[in-house]
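These are my notebook entries on one structure. I set down what I looked up, topic by topic.

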Number of protein chains: 2
Amino acid sequence: MSVTLKTVAKKSGYSVTTVSRALNGHSDVNVETRQKIEQVARELHYYPNRVAQQLVTKKANVIGLYSLDRETFKNQFIALMISGMMDEATRHDFNLLLFTTQRLQTAQDLINQCTHRGLGGAVISGLRIDEPLLDDLVGMDFPTVLIDVPLQGPRATYVSVDNVLGASQAIDHLAGLGHRQIGFVNGHGAAWVSQERHEGYQRGMQQNGLSPQPGYVFEGDFSKESGRRGAERLLKSHPELTAIFAASDLMAAGVLEQLQLMGLDVPRDISVVGFDDQDLCTHVTPSLTTIRQDMYTFGRVAAQELIAMVNDADYMPQHVDLPSVLVPRASSGPRRTV
Amino acid sequence: MSVTLKTVAKKSGYSVTTVSRALNGHSDVNVETRQKIEQVARELHYYPNRVAQQLVTKKANVIGLYSLDRETFKNQFIALMISGMMDEATRHDFNLLLFTTQRLQTAQDLINQCTHRGLGGAVISGLRIDEPLLDDLVGMDFPTVLIDVPLQGPRATYVSVDNVLGASQAIDHLAGLGHRQIGFVNGHGAAWVSQERHEGYQRGMQQNGLSPQPGYVFEGDFSKESGRRGAERLLKSHPELTAIFAASDLMAAGVLEQLQLMGLDVPRDISVVGFDDQDLCTHVTPSLTTIRQDMYTFGRVAAQELIAMVNDADYMPQHVDLPSVLVPRASSGPRRTV
DNA sequence: GCTCTGATCCGAAACGTTTCGGATTTTCCG
DNA sequence: CGGAAAATCCGAAACGTTTCGGATCAGAGC
């Protein structure tokens with residue numbers, strides 16, 4: 001059968017206890033003994049049974065990623081995040097468990113589910129800002145890291161970029177190119193990042209001495225189609241616009257498509273800036289100027305904070321704002337001088 | 001603390017054994033007793049501890065996805081597959097574990113690692129065809145499903161599309177549009193799909209009465225950059241080409257870029273067909289005609305076969321060839337009549 | 001010589017579940 | 001009514017690990 005501590009004990013002539021302590025680096029075992037045991041363990045290809053380990057220590061070396069929005073699986077957002085979490089998890093010898101849920105239960109149920117699946121903590125992605133569960137979550141004694149939803153507690157934190165800053169960087173960039181009438185295609189209001197990016201848009205406009213008119217803002221839903229609709233609507237009612245900032249690359253791609261459909265040349269007639277820096281930025285023509293957020297690092301940092309919490313009950317989790325950087329490409333250019 | 005079988009037993013007045021059997025639907029427990037116990041369990045919010053369950057039953061309700069090629073995390077390939085696996089896993093009340101490994105060990109080591117992490121079986125993605133581990137894998141008594149690498153055994157199978165057919169569909173499409181000189185930008189030879197698609201290219205040419213010249217084939221590496229190089233090289237040495245088939249969408253995007261750089265109009269001067277049907281097909285201009293393979297279903301089917309193997313030691317795993325379908329878009333058109 | 005200390009090892013209990021084998025009670029049938 | 005069969009329940013062992021509380025022994029200090 002499989003090789004267990006008992007097998008190693010029998011072969012090496014020591015007791016199960018000693019073998020365990022030797023392999024775990026405890027101090028009360030002779031150095032020669034330890035070496036002999038390690039030797040035998042290696043020969044026998046011994047791996048500790050994580051399940052048994054977990055059962056007794058109750059320290060679950062497992063973290064989970066709870067994804068509430070299945071749509072995100074269609075873009076590379078989630079894949080890069082998973083990639084980052086995985087690297088961090090293997091570095092700490094943790095396992096990474098994945099799951100989704102359609103309908104949400106109470107915070108307590110969610111945590112019960114996690115606990116009994118053996119999770120030590122969870123990263124939750126795709127929560128809506130109006131989720132009632134959110135308020136309860138902060139009080140729970142279960143390590144949690146949220147993605148792009150603000151929450152701070154003794155056992156909970158979140159990671160995001162400074163979306164206000166990111167959006168204002170986009171506006172700074174456009175204003176620097178001479179644009180004064182800048183439209184904004186936002187994501188849906190249930191996402192926290194939408195609120196933040198909207199504020200960033202406003203602040204950016206003001207900082208550059210421009211007046212953000214309410215009519216310059218269109219609320220989309222992060223889909224490409226909504227980007228198209230946004231561009232159409234904004235330009236129909238405000239033909240004076242010379243630039244559009246979209247709160248996601250996908251929507252920006254829709255904007256580009258629609259503008260070209262309307263016979264406008266980007267960036268000669270009108271500039272476009274997106275948000276995220278997904279691969280599609282370089283596939284689209286013209287290539288898309290955007291605000292980059294590094295999703296791989298999102299995953300790493302989230303996993304890092306989570307693991308720190310799991311390993312140390314007293315660890316005070318830190319909120320991390322990752323940097324957002326402007327990536328200039330071909331879709332933005334100087335304002336056309338009439 | 002946490003509520004266990006013992007808690008329920010004490011509260012309900014029955015023994016741990018009976019509670020366990022009641023909750024698991026065994027027949028030797030009175031229907032009234034069962035109801036009473038279920039009632040108590042519900043009141044107490046009892047969830048069985050999966051870890052303890054796993055330890056004793058040894059039936060691990062956990063499957064894993066082993067990803068060997070980190071690059072795939074950059075495209076949506078893997079995300080969709082994960083999504084499909086997840087749905088199938090939750091449907092069967094299985095957990096989904098994720099991990100990668102940089103360097104490969106022996107098949108035995110790999111399986112040991114999996115087993116001791118509590119995995120009941122694994123989906124392996126990104127294996128190279130020349131991987132020495134591959135030969136050993138077929139003999140192992142560990143449920144395995146490979147993605148896009150052929151392997152059949154009592155405890156192993158693979159899922160893929162019929163890549164020969166897929167590629168020949170692309171050629172049929174182009175030949176049907178009147179093209180006779182069709183170039184081929186392939187992926188690297190270490191991928192099984194490359195060999196298959198190459199054969200499909202040849203077969204497609206022959207079926208349509210065309211002679212596949214060796215010089216019409218360029219070996220890339222699935223990257224966009226290699227698609228650009230491929231287009232450049234092929235057209236420099238064979239300017240008579242009126243169509244190019246690329247073995248992935250990403251390479252096709254590179255081909256498109258290069259062609260436009262060379263002043264050629266797609267599809268007026270030259271047609272392009274890709275493979276995969278990733279989202280970028282619709283972001284690129286002109287939108288990309290391609291051979292669609294449904295990665296979400298890849299994941300579902302892979303998980304399905306795997307779970308069947310885990311649940312039933314006698315289950316004979318089936319190889320599944322998913323359908324490939326041509327998705328005509330704007331990048332392919334009739335051959336230009338001179 | 002006697003206790004004390006430190007080094008080294010081990011037995012047994014515990015984690016929460018399933019299951020084997022048996023115990024007890026009830027029902028059924030000739 | 002006797003006994004077999006069925007229904008219902010339970011004790012104890014097992015899964016593989018960690019850890020608590022010793023046990024043993026050598027050497028040190030007096």
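Before sorting residues by character, I note the classes: Ala, Val, Leu, Ile, Met, Phe, Trp, Tyr, Cys and Pro count as nonpolar, Asp, Glu, Lys and Arg as charged, and the others, Gly among them, as polar. I also note that the model is predicted.

**Entry 1: the surface near DNA strand D**

I applied these classes to the residues of the surface near DNA strand D and found 11 nonpolar, 13 polar and three charged. In total, 27 residues surround the strand. The closest are A:Leu5, A:Ser20, A:Tyr46, B:Thr18 and B:Thr33.

I then asked which helices supply at least two residues each of this surface. They are helix H2 (16-23) and helix H4 (50-57) of chain A, together with helix H2 (16-23) and helix H4 (50-57) of chain B.

**Entry 2: backbone or bases**

Which parts of DNA strand D do the atoms within 4 Å of the protein belong to? I found that 65% belong to sugar or phosphate and the rest to bases.

I looked up individual atom pairs next. A:Ser20 has a polar side-chain atom 2.6 Å from a phosphate oxygen of DNA strand D. For A:Tyr46, a polar side-chain atom lies 2.7 Å from a phosphate oxygen of that strand. In chain B, a polar side-chain atom of B:Thr17 lies 3.0 Å from a base oxygen of DNA strand D.

**Entry 3: A:Glu88**

I located A:Glu88 in helix H5 (residues 76-91) of chain A. Is A:Glu88 buried or exposed? Its relative accessible area is 0%, and buried means under 20%, so A:Glu88 is buried.

The side chain of A:Glu88 makes a polar contact with that of A:Arg91, at 3.0 Å. Leaving aside residues up to four places away in sequence, I found that A:Glu88 touches A:Arg300, A:Ala303, A:Gln304 and A:Ile307.

**Entry 4: a sheet in chain A**

I traced an open sheet of six strands in chain A, in the order E7-E6-E8-E9-E10-E12, with mixed pairing. Strand E7 (217-219) and strand E12 (325-327) stand at the edges with a single partner strand each, so one side of each has no neighbour in the sheet. On average, neighbouring strands of this sheet are turned by 20° against each other, direction ignored.

Within the sheet, strand E9 (residues 271-276) and strand E10 (residues 289-292) of chain A pair in the parallel sense over four bridges. I noted A:Phe275 opposite A:Ile291 in E10(A). Helix H11 (residues 249-261) of chain A packs on the sheet, touching strand E6 (182-186), strand E8 (243-246), E9 and E10. The direction of helix H11 makes about 160° with that of E9(A).

Methods. Residues numbered from 1 in each chain as written. Chains lettered and ligands numbered in written order. Predicted model: local features only at pLDDT ≥ 70, side-chain atom pairs only at ≥ 80, totals over all residues. Heavy atoms only, no water. Near = heavy atom within 4 Å. Polar contact = N/O pair within 3.5 Å; in protein donor to acceptor, adjacent residues only side chain to side chain. Buried < 20%, exposed > 50% of the residue type's maximum accessible area, 1.4 Å probe, protein only. Contact = heavy atoms within 4.5 Å. Pairing = 2+ DSSP bridges. Axes fitted to C-alpha atoms, helices over the stretch in contact; angles between N-to-C directions.
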